[in-house]
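Trainee: I would like to learn how to read a model like this one, feature by feature. Could we go through it together?

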Amino acid sequence: MGLVKNSIPFGDASAPFDATLVSSQLAAQPVAWTLHWLPEVSSTQDLVREAALARAAEGWTVVTDWQRQGRGRLGRQWVTVSGRDLLFSVLLRPGRQMLSLLPLLAGIAVAQGLEQGTDLPVDLKWPNDLLIDAKKVAGILLEHGPDEVAALGVGVNVNSGPGELPPQAISAAIALGHPLRREALLVSILKALGAALQRSRSEDRGWVVETWRQRSSMLGSRVSYEQAGVVSAGVAEDLEDDGALRVRLEDGRVTRIYAGDVRLLRD
Ligand code: BTN
């Protein structure tokens, strides 16, 4: 049974998550995804951390309906209505070479999976926010443990309504005008992620930066960012080979941003 691109009636927007259906669609993939579903957790990231301590293999994945303490990047909270959206974390062992590019690789893979599952164009904002119609549809959180183990957490606004999201966010359902099965999106995202990881192991890592460049509308745009309490503005010129964002400041100097957030200054 094909899972992708299937819409559901509005009344089913919070239908119980069918983890068995997802697992059945993920056989014979480059990463052996092992899916765990729990109705409620503290944060899926915490569970991946515990799984890493128990030496779980790459591909260990946990999905939930609701997080008591969902976290976003830069110490922010990630708050969602129970059962509406896709909240999951996966355990990855990307190897030292790929660690610095993993945020970009993850952004590319989630964007590909979302596009495949929705038919909507998805834009990337450095380092790995995913945008539809210039609004955030998904966020990615990467946390590293010992031995180059990474917990990759993904939150996708799938079926949240306009009143359930901050003004700068959007859900796939809002963009499409109908709700979606979360299972279909998870399958397409994990397939894209597995393919990207496989590519990163067989090719020089340059493809990650090149693919990100091609997928994002951000390069060439005016941006602002804050570092140590100082806000600066300039043009996002390019990505460096190590994934840093190169910004030409208004006074002509060039700076490289390795962490943090940038804001798009669209006219
Ligand atoms: C961001 O854009 O700030 C990143 C948001 C990441 C949210 C996801 S939801 C699943 C996983 N568990 C968490 O606690 N956070 C990530």
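**Reading the model**

Mentor: Let us begin with a loop: Arg-55 sits in the loop between helix 2 (44-53) and strand 2 (60-67), where helices (H or I, at least four residues) and strands (E, at least two) are DSSP runs numbered from the N terminus. Arg-55 has a positive phi of about 60° although it is not a glycine. Keep in mind that this is a predicted model, in which local features need pLDDT of at least 70, side-chain atom pairs count only at pLDDT 80 or more, and totals for chains, interfaces and linings use all residues. Residues are numbered from 1 along each chain as its sequence is written, and side-chain values use heavy atoms, with hydrogens and water left out.

Trainee: Which residues does a cis peptide bond join here?

Mentor: The cis bond joins Trp-126 and Pro-127, with omega about 0°. Pro-127 is placed in the loop between strand 4 and strand 5.

Trainee: How do I read the domains, and how is the size of an interface given?

Mentor: The size is often given as the accessible area lost when the parts come together. Here the domain assignment, which is automatic or from a database, gives domain 1 (2-213) and domain 2 (218-264). Their C-alpha centres lie 26 Å apart. Contact means heavy atoms within 4.5 Å, and 16 residues of domain 1 are in contact with 17 residues of domain 2. The area buried between the two domains is about 1,300 Å², with carbon and sulfur atoms giving 57%; buried area is the accessible area (1.4 Å probe) that two parts lose on being put together, summed over both. In domain 1, Lys-125, Trp-126 and Arg-213 lose the most area to domain 2, together 52% of what that side buries.

Trainee: And how should I read the charged pairs?

Mentor: Side chains of opposite charge can pair when their charged atoms come close. The rule for a salt bridge asks for a side-chain nitrogen of Lys or Arg within 4 Å of a carboxyl oxygen of Asp or Glu. Across the interface of domain 1 and domain 2 it finds three salt bridges. Arg-76 pairs with Asp-261 in a salt bridge, the closest N and O atoms being 2.7 Å apart.

Trainee: How many salt bridges does the structure hold?

Mentor: The structure holds 23. One of them links Arg-49 and Glu-143, whose closest N and O atoms are 3.8 Å apart. Arg-49 lies in helix 2 and Glu-143 in strand 6 (residues 135-144), so this pair ties together parts that are 94 residues apart in sequence.

Trainee: Which residues come nearest to the ligand?

Mentor: A residue is near a molecule if one of its heavy atoms lies within 4 Å of it. Of the 20 residues around the ligand, Ser-43, Gln-67, Arg-71, Arg-73 and Lys-136 come nearest. An N or O atom in the side chain of Ser-43 is 2.7 Å from an oxygen atom of the ligand. For Arg-73, a polar backbone atom is 2.6 Å from a ligand oxygen atom, while a polar side-chain atom of Lys-136 lies 2.5 Å from an oxygen atom of the ligand.

Methods:
A polar contact is a pair of N or O atoms within 3.5 Å; within protein, one must be able to donate a hydrogen and the other to accept it, and residues adjacent in sequence count only if both atoms are side-chain atoms.
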